[in-house]
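Me: I am new to this structure. Please take me through the reasoning behind the terms used for it.

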Amino acid sequence: MLAADEFTNHHGRPEPSIPRVLTILSFVLEKLVARNNTLADGLSQQLDGQSCGSAGIGKSLNVFHGVRAPSISIPKYLERLYKYTDCSPSCFVVGYVYIDRLLHKHPDSLVLSLNVHRLLVTSVMIASKMLDDVHYNNAFYARVGGVSNAELNRLEVELLFLLDFGVMVSSRVFESYCFHLEKEMMLNGACQRIERPLLVLSDVAEIRENSQSSLPPQISENTGSSSPPKIED
């Protein structure tokens, strides 16, 4: 899927400043994934040393699993999504809400290094459709996220059904998740507050890929190009 260490702006636009929510969410997810990876490894050793780290874990998230964990880190992946999709910072909080709801509905499932990237691109894309007045289409998100359009379409449908189409997030719920994420940072000695724009769920427009200038760099295998390195499993 993904293998990228740095991203170059090829459109002449100023580099967007990284919202605090990305730093906070990266910290929380990295801690969660590290803990779950250790748990999954322990389960696999108990089950006759099976090589699959997700052995013995619920199968609800299997569709989001890659063959192996992408080499791109969670912080860099979130930065990439924010930089190229121009989605609002609130989409990352709402995307986290979707992932948390998913885990509550399917408590035998774990967010692991094998599935966290696909869960993020899918949940953030759906959140953007719910929150942002203008958003990119699935094909564009697939290109940014390093998956095929067909796969992202499938992941979107899968996530919606796993959530029973529960994608509405009230301002009260949004605020409670912001406090939760901020508390996680405070417990680790960092005091950061998440940006809180007014949330308005309204009809949204879709940006289609009708202009080459609007596209992010192609994720290709040509390491000699100026594009970000290919995102691979």
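Me: How much area does the chain expose, and what share do carbon and sulfur atoms supply?
Reply: The chain exposes about 11200 Å². Carbon and sulfur atoms supply 53% of that area. Keep in mind that this is a predicted model.

Me: What share of the residues is buried?
Reply: Buried residues make up 48% of the 233 in the chain. The term applies under 20% relative accessible area.

Me: Why is C87 called buried?
Reply: Its relative accessibility is 3%. The cut-off is under 20%. So C87 counts as buried.

Me: How do you know that C87 is not bonded to another cysteine?
Reply: Look at the sulfur atoms. A disulfide is a covalent bond between the sulfur atoms of two cysteines. The pair must lie within 2.5 Å. The closest cysteine sulfur to that of C87 belongs to C91, and it is 4.6 Å away. That is too far for a bond. C91 is likewise in no disulfide. The structure holds zero disulfides.

Me: Is C91 buried or exposed?
Reply: C91 has a relative accessible area of 0%. Buried means under 20%, so C91 is buried.

Me: Where is F92 found, and what makes it buried?
Reply: F92 is in helix α3. Its relative accessible area is 1%. With the limit at under 20%, F92 is therefore buried.

Me: Which residues does F92 touch, leaving out those up to four places away in sequence?
Reply: F92 touches V21, L22, L25, L78, L81, Y82, C87 and V124. A contact needs heavy atoms within 4.5 Å. F92 and L120 are 28 residues apart in sequence, and their C-alpha atoms are 8.4 Å apart.

Me: What share of the chain's contacts joins residues at least 24 apart, among those at least 6 apart in sequence?
Reply: The share is 83%.

Me: Which elements does the chain have, and in what order?
Reply: There are seven helices and two strands. From the N terminus they run α-α-α-α-β-α-α-α-β.

Me: How much space lies in the largest pocket, and which residues line it?
Reply: The largest pocket holds about 220 Å³. Its lining is V28, K31, L32, R35, Y96, I99, D100, L103, H180 and E184. Helices α1 (20-46), α3 (90-105) and α7 (171-186) each give two or more residues.

Me: What makes up that lining by class?
Reply: The lining has five nonpolar, one polar and four charged residues.

Conventions: Residues are numbered from 1 along each chain as its sequence is written. This is a predicted model: local features need pLDDT of at least 70, side-chain atom pairs count only at pLDDT 80 or more; totals for chains, interfaces and linings use all residues. Side-chain values use heavy atoms; hydrogens and water are left out. Buried means under 20% relative accessible area, exposed over 50%, partly exposed in between (1.4 Å probe, protein chains only). Helices (H or I, at least four residues) and strands (E, at least two) are DSSP runs, numbered from the N terminus. Accessible areas come from the Shrake-Rupley method with a 1.4 Å probe; for residues, only the protein chains shown count as cover. On a 1 Å grid over the protein atoms alone, a cavity is a set of points where a 1.4 Å probe fits but cannot get out, and a pocket is an open set with protein on both sides within 12 Å along at least five of seven lines; lining residues have an atom within 4 Å of a point. Grid points are joined across faces, edges and corners, and a volume is the space filled by probe spheres set on the points. Ala, Val, Leu, Ile, Met, Phe, Trp, Tyr, Cys and Pro count as nonpolar, Asp, Glu, Lys and Arg as charged, and the others, Gly among them, as polar.
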